[in-house]
Each structure stands twice: as structure tokens, then as C-alpha cells.
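User: Could you take a close look at one part of this molecule, the sheet, and explain how the rest of the chain is arranged around it? I am in my first year, so please spell out each term when you use it.

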Amino acid sequence: MKKIEIFTDGACKGNPGPGGWGAVLRSGAHEKDISGGESATTNNRMEMTAVIMALNTLKAPSDVQLYTDSRYVIDGITKWIFGWQKNGWKNSQKKPVLNADLWQALLDAKRPHKVTWHWVKGHDGHPENERADVLASNAALAMKAG
């Protein structure tokens with residue numbers, strides 16, 4: 001199984017507002033930057049979209065080390081999602097889970113891979129996290145500019 005490192009970030013110019021996502025994918029010496037945005041979104045949706053798009057970029061099942069500064073993404077996919085699925089996508093207050101569409105897309109995106117989740121502190125000088133942040137911010141600014 002191919003070993004891949006992925007570093008993701010999301011950004012919003014206003015929350016909600018125009019947003020962007022970015023990811024750095026690395027396999028050995030090979031690196032690829034990807035990014036995109038939406039005109040009206042939230043920071044959490046962009047954090048999730050970065051992970052989904054990065055995993056969907058992979059062409060074969062891979063052993064993925066995934067780094068994000070989003071506790072929402074990590075806690076959601078490693079802890080909360082099991083209860084949400086069991087409760088028909090309702091949260092502990094019996095209300096619909098926010099971003100259920102993206103949580104389901106994330107489950108689909110990670111299914112073929114062995115993903116190990118890593119939290120990194122944002123804006124703390126982590127080179128690849130900073131690079132993903134620039135990709136996300138630039139995409140958000142492009143969406144804001146139209």
C-alpha cells in the first residue's frame with residue numbers, strides 16, 4: 001500500500017462567507033498542491049472539503065497520514081460520527097447533524113484508505129500546514145473577488 005502524507009486547511013473570509021480549501025499531498029519526493037473554493041460557505045465546511053478532495057485525489061488505496069489543524073474534523077471523524085450514524089444523523093440534542101452531507105462524503109472518501117489522523121496547531125510555523133493555509137486563503141480571496 002502506497003504511503004501518502006496529506007496536509008489540509010480551510011479558510012473563510014467571513015464565517016459564513018466566501019471560503020477556500022487547500023491541501024498538500026506528498027508521496028516520497030513527489031508533491032502536489034490542490035485547492036478550490038465556494039462563494040458562500042463556512043470554515044468548518046472548507047476544513048472538511050479539503051480532506052475530502054485530498055482523499056478523492058488518490059488513485060489507489062493508500063496508507064495515509066493526514067494532518068489538519070481542525071479539531072472539528074478530527075473529533076467528528078474519530079469520535080462523534082459513530083453516534084450520529086447510529087442515531088440516523090441526529091446529534092445528542094436529537095437535531096440534524098450539521099454538515100451531514102460532508103460527513104457522509106468524508107466517510108466515502110476515506111473508505112478505501114487506511115487513514116491515521118494527526119492534529120497540528122494552526123499558524124504555528126508547521127511548514128506544510130502553513131502552505132495548505134496559503135492555498136486555502138488564496139482560494140477564499142479568489143471567491144471573494146468573484
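Analyst: **The sheet and its surroundings**

Strands S2 and S3 run antiparallel, and 10 bridges join them. This is a predicted model, in which local features need pLDDT of at least 70 and side-chain atom pairs count only at pLDDT 80 or more, while totals for chains, interfaces and linings use all residues. Residues are numbered from 1 along each chain as its sequence is written, and side-chain values use heavy atoms, with hydrogens and water left out. The names of the elements come from DSSP runs numbered from the N terminus, where a helix is a run of H or I with at least four residues and a strand is a run of E with at least two.

Within this pair of strands, glycine 17 stands opposite threonine 41 of S3. The whole sheet is open and has five strands in the order S3-S2-S1-S4-S5, with mixed pairing; two strands are said to pair if DSSP finds at least two bridges between them. At the edges are S3, which covers 30–41, and S5, each of which pairs on one side only. From one strand to the next, the twist averages 20°. As general background, strands of a sheet pair through backbone hydrogen bonds, either parallel or antiparallel.

Two helices can be placed against this sheet. Helix H1 lies across S1, S2, S3, S4 and S5, and runs at about 155° to S1, where axes are lines fitted to C-alpha atoms, for helices over the stretch in contact, and angles between N-to-C directions run from 0 to 180 degrees. Helix H4, residues 127–145, also packs on the sheet, where H4 touches S1, S2 and S3 and makes about 145° with the direction of S2.

One residue of H4 shows this packing in detail, namely glutamate 128. At 15% relative accessibility, glutamate 128 counts as buried, a word that stands for under 20% relative accessible area, with exposed meaning over 50% and partly exposed in between, for a 1.4 Å probe and protein chains only. Leaving aside neighbours within four places in sequence, glutamate 128 is in contact (heavy atoms within 4.5 Å) with Phe7, Val24 and Arg26. Glutamate 128 and isoleucine 6 are 122 residues apart along the chain, yet their C-alpha atoms are separated by 8.8 Å.

In S2 there is also serine 27, which is buried, with a relative accessible area of 18%. Not counting residues up to four places away in sequence, serine 27 touches Lys2, Lys3 and Ile4.

The strands also contribute to a nonpolar core, which is a set of buried Ala, Val, Leu, Ile, Met, Phe, Trp, Tyr and Cys residues joined through side-chain atoms within 4.5 Å. The largest such core has 32 residues, of which Ile6, Leu55, Trp103 and Trp117 touch the most other members. At least two residues of this core come from each of S1 (2–12), S2 (17–27), H1 (43–57), S4 (62–68), H2 (71–86), H3 (100–110) and S5 (114–119). The biggest share, seven residues, is given by H1. Apart from this core lies another, of six residues, among them Val24, Tyr67, Ala132 and Leu135. In soluble globular proteins, nonpolar side chains tend to be buried together.

Tryptophan 117 contacts Val51, Leu66, Val73, Ile74, Ile77, Thr78, Leu106 and Lys110, once neighbours within four places in sequence are set aside. H1 and H3 themselves pack at an angle of about 25°, with their axes 9 Å apart. They are therefore roughly parallel to each other, since angles under 35 degrees count as roughly parallel, over 145 as roughly antiparallel, 65 to 115 as roughly perpendicular and the rest as oblique. Among the residues that meet there are Met48, Ile52 and Leu55 in H1, and Leu102, Trp103 and Leu106 in H3.

Finally, the loops that join these elements hold some unusual backbone geometry. Most residues other than glycine have a negative phi, and most peptide bonds are trans. The peptide bond from asparagine 15 to proline 16, however, is cis, with omega near 10°, and proline 16 is found in the loop between S1 and S2. In the loop between S5 and H4 lies histidine 123, which has a positive phi of about 55° although it is not a glycine; at 60% relative accessibility, histidine 123 counts as exposed.
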